[in-house]
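The exercises below go through one protein model. Each has a task and a worked solution.

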Amino acid sequence: MAAVEQKKSYHVTKDFKGLNTKANRTAIQENEFAWIENVMPIGYSNLKVIPKEKRVTYSSTNFSWGGTVHYMAPANINGVAYMFAFFTNGGAQYVSLETPTAPITLASSGTFSGTRTQISQWKNERVLIIDTTYGYATFNGTNLVRVGSVGTITITSGGSGYSAAPTVTISAPNQTGGIQATATATITSGVVTAITITEPGTGYTSAPTITFSSGAASATATAINQPGTCIQSFSGRVWIADGRTIYYTAADSYNDFTSISAGNITLVDGTLYGDITQIIAANNFLYIFGESSINVFSDVRVNTLGETLFTNTNISASIGTELFLGVFAYFRSILFINRYGVYALVGATTTKISDALDGIFPNIDFSSSVTGCQTLIYNILVSAWNVRYNDNGTYRRVQLVFFDRKWFISYQGNLTHINSSPVNGLINSYGVESGGAFFRMYEDQTANISTEVVTALWDLKDPIRDKQALKLGVEATFPVTVAGSLNISIDSESRSSTSVSLGNAVAWQNVSFNNIAWTNNAGSTLQWISSGYQLTEGYKLLKYDAQMYGKYLGMTVTSTAPAFTFNGFQLEHELRARF
């Protein structure tokens with residue numbers, strides 16, 4: 001029988017988990033990864049290269065936004081999915097995601113603030129826009145209109161001698177596409193004693209004039225243009241956050257801020273540290289985020305007087321976020337990112353889900369925009385956050401991708417903002433570069449994409465002994481059309497071997513072992529590739545003699561080949577002396 005130091009042993013990893021940067025590479029589980037980029041750990045023996053980003057085009061022309069984007073979000077108008085982009089110069093554009101065309105101008109430069117804009121939507125008939133400079137506005141696919149509605153009408157003279165209520169006329173709005181306000185008068189003993197607004201209108205940038213069809217009555221009006229930083233439609237109303245106050249419209253109205261069922265609430269509790277940072281409607285709740293707190297509004301109803309009532313509950317007095325573009329719904333959860341982790345809010349329970357990324361968060365540049373969304377990759381719904389990451393001294397944009405309690409990293413170009421939208425029944429994600437280039441993410445399965453897989457450093461059941469690596473093997477399935485190569489090194493706790501390149505290309509040799517080139521009738525050299533498996537059905541086993549020793553051994557594998565799948569990592573080794 002061979003001595004322990006001469007006995008060959010084998011290690012195989014096929015039950016893939018995700019990234020773990022919390023522990024040292026020698027301490028993570030043997031099926032976890034110290035780094036895993038552009039490769040998705042879908043399941044057992046299924047570690048699949050993700051598709052590359054693809055430039056959005058129209059009529060064979062590359063699409064580019066007309067400015068530097070500071071906010072990008074989707075909306076649906078009359079059944080058509082659009083993406084809206086707001087620029088740092090205060091302009092805005094939009095484009096159909098179903099049949100892209102050249103960018104369509106929503107607003108010229110200087111219209112909006114260029115720093116803090118958000119949108120929601122009302123039914124699918126119009127987009128709701130809130131901006132710190134422009135205020136509250138709507139867009140119905142044709143007209144951008146400020147929601148300057150008639151706020152109050154004050155009677156300055158009731159007149160006299162009225163036998164019937166006179167007709168009240170409110171002057172037309174200032175903006176094209178605005179809705180003219182309407183009102184009715186009430187008389188008592190021949191005098192106009194009350195005026196009731198029946199349509200608040202939109203598009204009033206200054207107070208309208210009030211006229212009466214007869215008599216000497218007179219009145220003045222005020223116009224409301226609600227300011228704010230966050231906006232959501234929820235429970236048949238529009239909710240706008242401004243500082244610590246949330247304003248809400250009347251029931252079944254997007255522009256009525258004066259009726260009895262409209263109102264506002266100011267959060268005075270000390271749990272809200274500073275101002276409201278974001279509001280999100282999902283799961284029959286309106287979530288109110290502060291920098292270190294979360295409240296929920298629920299059970300919205302109207303009492304017998306017509307007043308709106310709802311329940312306001314604080315569910316977190318210590319965890320919230322200021323990264324307002326990194327909050328979104330995912331299944332029955334609200335996911336959000338802050339400067340120290342990613343959290344899932346389920347019901348009233350907030351749970352950190354990013355322990356595996358604890359080694360990454362100190363290297364994220366939070367002075368740059370952080371955006372997030374959900375999207376489909378290989379028909380699996382995942383969540384992703386786009387961050388600027390310090391990768392050993394080089395800053396680049398990467399996505400932190402989460403699904404099924406697993407994390408991996410993707411790189412889809414130097415994207416500054418990402419967001420997603422349902423398009424033809426699928427949830428597609430999009431990203432924009434600083435120069436305005438617009439991409440659909442995770443789209444191109446034929447383009448080369450850089451991948452890196454860094455396994456755990458395995459103790460191979462005996463952390464005390466040195467181990468001598470003898471052979472390595474990587475199981476991978478390549479499509480018929482892909483000629484790919486893998487660059488592989490064996491790593492120990494202190495060094496790495498020289499990288500070797502293995503692939504699925506087939507070389508033809510003569511009896512003198514010289515490679516024979518094959519050419520077609522155009523004189524082009526042909527490359528022969530093998531797909532599927534040669535040794536075991538369904539797999540291509542890449543083997544190479546490995547020379548490396550250490551108490552811990554692992555692998556680093558890089559490639560640029562698209563659309564292939566890792567099925568396993570294998571290592572043959574011998575035990576050596578203890579200590």
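**Exercise 1. Which residues does Trp407 touch, not counting residues up to four places away in sequence?**

Solution. Step 1: Trp407 touches Gly18, Leu19, Ile36, Val342, Ile353, Ser354, Ala356, Leu357, Trp385, Leu400, Val401 and Phe402. Contact here means heavy atoms within 4.5 Å.

Step 2: The model is predicted, so local features need pLDDT of at least 70 and side-chain atom pairs count only at pLDDT 80 or more, while totals for chains, interfaces and linings use all residues. Residues are numbered from 1 along each chain as its sequence is written, and side-chain values use heavy atoms, with hydrogens and water left out.

Step 3: Place Trp407 in its core. Trp407, Phe566 and Phe569 touch the most other members among the 74 residues of the largest nonpolar core. A nonpolar core is a set of buried Ala, Val, Leu, Ile, Met, Phe, Trp, Tyr and Cys residues joined through side-chain atoms within 4.5 Å. Strand β35 (380–391) provides the largest share of this core, 6 residues. Strands (E, at least two residues) and helices (H or I, at least four) are DSSP runs, numbered from the N terminus.

Step 4: A second, separate core has 21 residues, including Ala73, Tyr94, Ile129 and Ala137.

**Exercise 2. Describe the largest pocket and its lining.**

Solution. Step 1: Start with the method. Rolling a probe the size of a water molecule over the atoms shows where empty space is left. On a 1 Å grid over the protein atoms alone, with a 1.4 Å probe, a pocket is an open set of points with protein on both sides within 12 Å along at least five of seven lines, and lining residues have an atom within 4 Å of a point. Grid points are joined across faces, edges and corners, and a volume is the space filled by probe spheres set on the points.

Step 2: The volume of the largest pocket is about 840 Å³. It is lined by 33 residues, of which Pro74, Val327, Phe328, Asn419 and Ser420 are the closest to its centre.

Step 3: At least two lining residues come from each of β8 (69–77), β12 (117–122), β22 (230–234), β26 (278–282), β30, β34 (371–377) and β38 (415–423).

Step 4: The lining of the largest pocket holds 19 nonpolar, 14 polar and no charged residues. In this scheme Ala, Val, Leu, Ile, Met, Phe, Trp, Tyr, Cys and Pro are nonpolar, Asp, Glu, Lys and Arg are charged, and the others, Gly among them, are polar.

**Exercise 3. Describe the second largest pocket in the same way.**

Solution. Step 1: The second largest pocket has about 280 Å³ of space. Of its 14 lining residues, Thr21, Ala34, Trp35, Gly359 and Tyr389 are the closest to the centre.

Step 2: Two elements, β2 (33–37) and β35, give two or more residues to this lining. With 3 residues, β35 gives the most.

Step 3: By class, the lining of the second largest pocket has 4 nonpolar, 7 polar and 3 charged residues.

**Exercise 4. Is Thr321 buried or exposed, and what does it touch?**

Solution. Step 1: Thr321 sits in the loop between β29 (308–316) and β30 (327–330).

Step 2: Its relative accessible area is 0%, so Thr321 is buried. Buried means under 20% relative accessible area, exposed over 50% and partly exposed in between (1.4 Å probe, protein chains only).

Step 3: Neighbours within four places in sequence aside, Thr321 is in contact with Thr277, Phe289, Gly290, Glu291, Val327, Phe336, Ile337 and Asn338. A polar atom of the Thr321 side chain lies 2.5 Å from the backbone oxygen of Ile337.

**Exercise 5. Compare the surroundings of Arg396 and Asn379.**

Solution. Step 1: Arg396 belongs to strand β36 (residues 394–403), and Asn379 to the loop between β34 and β35.

Step 2: Arg396 counts as buried because its relative accessibility is 18%. Asn379 counts as exposed because its value is 67%.

Step 3: Beyond four places in sequence, Arg396 is in contact with Trp35, Glu37, Val387, Arg388, Tyr389, Asp391 and Tyr411. The side chains of Arg396 and Glu37 are joined by a polar contact of 2.8 Å. A polar contact is a pair of N or O atoms within 3.5 Å; within protein, one must be able to donate a hydrogen and the other to accept it, and residues adjacent in sequence count only if both atoms are side-chain atoms.

Step 4: Asn379 is not a glycine, yet its phi is positive, about 65°.
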